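The following report is addressed to a reader who meets this structure for the first time. Please consult the sequence and the model while reading.

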Amino acid sequence: GLAKEIETVLRRERCTAADIRSNPDLNREIIHSVMWQLITHLHHSYGNGIFLILDGPASKNGMATEQAGVAIRDMDSNSFAADNSDLLLERGLPSLSSDFGIALDTTWELGFDFTNMADKEFYTVPFARAEDGSINREKLADYAYVGTSDLNPRDNIRVLVYSIPLSLTDGTVIGVIGVEISERSVRKFLNANFQDSDLEIFNLLARLDEEKKSITPVVVGSAQYQRYFGPSEILSFEESGWEGVYTIKDRYGYLWYGMA
C-alpha cells in the first residue's frame, strides 16, 4: 500500500515523518515512489481524478506556502491508455510529466497553495479531523470529507471529492489523499437505471443530516427534481416508520418517499 511504500522511502533516506514538513527533496522522492499506485488506482476506478498532498514544501526555490503533492485527471474514465496519454497532470513537479508520460494540463501548477484558495475544505477538513496528528486507520470514514472541489477554478469543471487523511501504518498523518469524479459522470451514473422508466422517480447525491432531518442535494440525476422541488437548496424529511425510508414534501404538498 501507499503507507508501506512511503515508509520504505523514509528508511532509505534515513528520515522520519517529521522531516516531511521541511524537506522538499524527501517529498519529491515520496511522490515519485507512489505515482504508479495512484495511476493504477485511477485507471481502475470510476473516478476522473486522484490527488495526494503532503504536509510539507513542494520545492526549495518555490513559495514557502506551496505544499508538495500531485493531482492527476482523467476526464474520460471509460477509456484506458497504457502509455498514460489519456491523463493530465494538474499539480506536481514537472519531472512527473516526463518520467510517467503524463502531459501537463493548461492549468498546471507546481504544488498546492491554500493561502488564497477559496475552496480548500477537501484538504483542511480531513487534515484537521486528525487533531492529534494521528488517526485510527480502521475508521478512515470518520475523518473523510465529501463535497465539491475548486482544485482548478480556471478549468470551470465542477467535481465532487472524497478525501481522507494520508497516514503511515502507525496512524501518523502526513497529508491528505482523495479522489474526484465530475458532476457529469455522477449524473450519468444516477440516471443509468431510469432511462426507460415511466415512473416519477429520481436519484440524487446529497448530504443527509439525521439530527437536523435535512437533505442537501449535491448532484441531481433527473429533471423531475426541478419540476417538483425547484431550486430548493435544503429539503426537510420525516421518518416514515420503515427503517431507512424517509418522507419528503415537495412544493406542491405531494409526499415523496426516499431511501438513503
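The buried residues of helix 4 pack against five partners: strand 1 (49–57), strand 2 (66–73), strand 6 (145–149), strand 7 (159–167) and strand 8 (173–182). Helix 4 itself covers residues 121–129, and its buried residues are F122, Y123, V125 and P126. The model is a predicted one.

The wider setting is as follows. The protein contains six helices and 14 strands. Of its 260 residues, 45% are buried. Among contacts with a separation of 6 or more, 50% join residues that stand 24 or more positions apart. The accessible surface amounts to about 14,400 Å², and carbon and sulfur atoms contribute 51% of this area.

Confidence varies along the chain. The average pLDDT of the protein is 85, and 88% of the residues score at least 70. The lowest and highest means belong to the two helices tabulated here.

| Element | Residues | Mean pLDDT |
|---|---|---|
| Helix 1 | 2–12 | 97 (highest) |
| Helix 5 | 183–191 | 73 (lowest) |

Where pLDDT is low, the coordinates of a prediction should not be read in detail.

Helix 1 also takes part in a helix pair. A pair of packed helices is described by the angle and the distance between the two axes. For helix 1 and helix 2 (residues 24–43), the axes come within 10 Å and cross at roughly 150 degrees. The crossing of helix 1 past helix 2 is right-handed. On the side of helix 1 the contact involves L2, E5, I6, V9, L10 and R12, while helix 2 supplies L26, E29, I30, S33, V34, Q37 and L38. By character, these residues comprise eight nonpolar, two polar and three charged ones.

The loop between helix 1 and helix 2 holds R14. What is the phi of R14? The angle is near 55 degrees, a positive value in a residue other than glycine. Is R14 buried or exposed? R14 is exposed, because its relative accessible area is 80%, and the limit for an exposed residue is over 50%.

A further position is found in strand 9 (residues 204–209), where L205 lies. L205 counts as partly exposed because its relative accessible area of 37% falls between the limits of 20% and 50%. In sequence, L205 and V220 are 15 residues apart, and their C-alpha atoms are 6.4 Å apart in space.

Key
Residues are numbered from 1 along each chain as its sequence is written. This is a predicted model: local features need pLDDT of at least 70, side-chain atom pairs count only at pLDDT 80 or more; totals for chains, interfaces and linings use all residues. Side-chain values use heavy atoms; hydrogens and water are left out. pLDDT is the predictor's confidence in each residue, from 0 to 100. Helices (H or I, at least four residues) and strands (E, at least two) are DSSP runs, numbered from the N terminus. Axes are lines fitted to C-alpha atoms, for helices over the stretch in contact, and angles run from 0 to 180 degrees between N-to-C directions. A crossing is left-handed if the near helix is turned anticlockwise from the far one by less than a right angle, and right-handed if clockwise. Contact means heavy atoms within 4.5 Å. Ala, Val, Leu, Ile, Met, Phe, Trp, Tyr, Cys and Pro count as nonpolar, Asp, Glu, Lys and Arg as charged, and the others, Gly among them, as polar. Buried means under 20% relative accessible area, exposed over 50%, partly exposed in between (1.4 Å probe, protein chains only). Accessible areas come from the Shrake-Rupley method with a 1.4 Å probe; for residues, only the protein chains shown count as cover.
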